[in-house]
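Okay, thanks everyone, let's get going. I'll put the structure up on the screen and then talk you through a few spots.

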Amino acid sequence: MHTIYIEELQKIFKRIIEKLEFEGVNKIEIGEDLYLFIPTSGWQSYTDTPIYPGSLFDDIENLRMLVSDTARPCTYVDFDRMANVLRAISQIYNPG
C-alpha cells in the first residue's frame, strides 16, 4: 500500500500551477468537449469495463461554480471533473 498526504497534494498542485505559469500559460483553450470516461469502479477491471461519454465543458462549468458560489459543497465528483481537466491540459501541452 502507498500513502500520499494532503500536504504533498498541496505541493504537487502548487508545482503544477507553477509549471503552467513558467510556460507563460494564463488560460487554457479547450476546443474538444467530449471524452470517454471510465468510472472509478471500472479502473481495475480489464474486462467488461463500462465507458461513458463525458463533457469537459460541463466539467469546467461545474468546477467554476465552486469558485463563484462559496456555499456550494465540493464533492468527490469534482475530483473526477478536475482529473478530466488536468488530463485535457496534458493532452494539449504534451500530445502523444
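I'll go through a pocket, then an aromatic pair, then a helix. Keep in mind that this is a predicted model.

So, the pocket. The largest one holds about 410 Å³ of space. Its lining is made up of 19 residues, and the ones nearest the centre are Tyr 35, Ala 83, Asn 84, Arg 87 and Ala 88. Two elements each give two or more residues to that lining: strand 1, which is 34–37, and helix 3, which is 76–93. Which of the elements gives the most? That's helix 3, with 7 residues. As for chemistry, the lining of this pocket splits into 12 nonpolar residues, 4 polar and 3 charged.

Stay with helix 3 for a moment, for the aromatics. The count here comes to 1 aromatic pair, and the partners are Tyr 76 and Phe 79. Their rings sit 4.8 Å apart, centre to centre, with 55 degrees between the planes, so the pair counts as tilted, since edge-to-face would need over 60. Why might these two meet along a helix? They're 3 residues apart in helix 3, so about one helical turn separates them. In general, an α-helix has 3.6 residues a turn, so residues three or four places apart point the same way. Buried or exposed, these two? Both Tyr 76 and Phe 79 are exposed.

Last stop, helix 1, residues 6–22. With 17 residues at 1.5 Å a residue, helix 1 should span 24 Å, and its end C-alpha atoms are indeed 24 Å apart, so the two agree. After helix 1 comes Gly 24, which has a positive phi, near 80 degrees.

Methods. Residues numbered from 1 in each chain as written. Predicted model: local features only at pLDDT ≥ 70, side-chain atom pairs only at ≥ 80, totals over all residues. Heavy atoms only, no water. 1 Å grid on protein atoms, 1.4 Å probe; cavity = no way out; pocket = protein on both sides within 12 Å on 5 of 7 lines; lining within 4 Å. Points joined across faces, edges and corners; volume = space filled by probe spheres on them. Helix = DSSP H or I, 4+ residues; strand = E, 2+ residues; numbered from the N terminus. Nonpolar A, V, L, I, M, F, W, Y, C, P; charged D, E, K, R; others polar. Phe/Tyr/Trp six-rings, centres within 6.5 Å; stacked < 30°, edge-to-face > 60°. Buried < 20%, exposed > 50% of the residue type's maximum accessible area, 1.4 Å probe, protein only. Expected span 1.5 Å × (residues − 1).
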